[in-house]
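Please open the structure in your viewer and keep the sequence panel beside it, since each stop on this tour begins with a selection. The tour starts at a single residue and then widens to the elements around it.

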Amino acid sequence: MQATARDYLRLVASDCGDAASKVVRDTGGQLLSASPSNDGRTCIITVLVQGSGERPRKVTVRVPM
């Protein structure tokens, strides 16, 4: 599953844009999703990460907003 240009535009406009950009940059992964948590204090970000010689894996992290 690959994020579309529309997904990225929606993300940039959201409160999770900066946090998701940092996670993607730090992991070298591909953004799958990013959304605020129900309490609005954290962002839930899922990226697809490719390890050396490993199958890609989904990683989900929560980061403060």
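Is Ser33 buried, partly exposed or exposed? Before you select it, note that the model on your screen is a predicted one. With a relative accessible area of 35%, Ser33 is partly exposed, because the buried class ends at 20% and the exposed class begins over 50%.

**Stop 1: Ser33 and its surroundings**

Select Ser33 in strand β1 and display what surrounds it. Leaving aside neighbours within four places in sequence, Ser33 is in contact with Ile44, Ile45 and Thr46, and Thr46 is also the bridge partner of Ser33 in β2. If you then add Thr60 to the selection, you will find a residue 27 positions from Ser33 in sequence, with a C-alpha to C-alpha distance of 9.1 Å between the two.

**Stop 2: the whole chain**

Now zoom out and show the protein chain as a cartoon. Two helices and three strands make up its elements, and from the N terminus on they follow the order α-α-β-β-β. If you colour by accessibility, buried residues account for 29% of the 65 residues in the chain. Among the contacts with a separation of 6 or more, 22% are between residues 24 or more positions apart.

**Stop 3: the sheet**

Select the three strands together, and you have an open sheet in the order β1-β2-β3, with antiparallel pairing. β1 and β3 (57–64) stand at the edges with a single partner strand each, so one side of each has no neighbour in the sheet. On average, and ignoring direction, neighbouring strands of this sheet are turned by 20° against each other.

Next, take the two pairings in turn. Strand β1 (residues 30–36) is joined to β2 in the antiparallel sense by six bridges, while eight bridges connect β2 with β3, again antiparallel. In the second of these pairings, select Val47 and look across to β3, where Val59 is its bridge partner.

**Stop 4: the hairpin loop**

Follow the chain from β1 into β2, where the hairpin has five residues between the strands and Gly40 takes a positive phi near 75°. Select Ser37 as well, which lies in this loop between β1 and β2. Is Ser37 buried or exposed? Its relative accessibility is 8%, so Ser37 counts as buried. Apart from neighbours within four places in sequence, Ser37 is in contact with Thr42, Ile44 and Arg62.

**Stop 5: helix α2**

Move to helix α2 (residues 17–27) and select Gly17, Ala19, Ala20 and Val23, which are buried. Why do these four lie on the same side of α2? They cover an arc of only 165° around the axis, which places them on one side of the helix. Rotate the view to the face turned away from that buried side, and you will see the exposed residues Asp18, Arg25 and Asp26. Just after the helix comes Gly28, with a positive phi near 70°. Bring the strands back into view, and α2 can be seen to pack on the sheet, where it touches β1, β2 and β3, its direction making about 30° with that of β2.

**Stop 6: the nonpolar core**

Hide the cartoon and show side chains for Cys16, Ala19, Ala20, Val23, Leu31, Cys43, Ile45, Val47, Val49 and Val63, the 10 residues of the largest nonpolar core. The elements that give two or more residues to this core are α2 and β2 (42–49), and β2 provides the largest share, with four residues. Val49, one of the core residues, touches Thr27, Gly29, Arg55, Pro56, Arg57 and Val59, not counting residues up to four places away in sequence.

**Stop 7: the disulfide**

Finish with Cys16 and Cys43, which form a disulfide with their sulfur atoms 2.2 Å apart. This pair links distant parts of the chain, since Cys16 sits in the loop between α1 (5–13) and α2 and Cys43 in strand β2, 27 residues apart. The torsion about the S-S bond is about -95°, so the disulfide is left-handed. Both Cys16 and Cys43 are buried, and a search of the whole structure finds one disulfide.

Key:
Residues numbered from 1 in each chain as written. Predicted model: local features only at pLDDT ≥ 70, side-chain atom pairs only at ≥ 80, totals over all residues. Heavy atoms only, no water. Buried < 20%, exposed > 50% of the residue type's maximum accessible area, 1.4 Å probe, protein only. Arc of directions from axis to C-beta. Core = buried A, V, L, I, M, F, W, Y, C linked by side-chain atoms within 4.5 Å. Contact = heavy atoms within 4.5 Å. Pairing = 2+ DSSP bridges. Disulfide = S-S within 2.5 Å. Axes fitted to C-alpha atoms, helices over the stretch in contact; angles between N-to-C directions.
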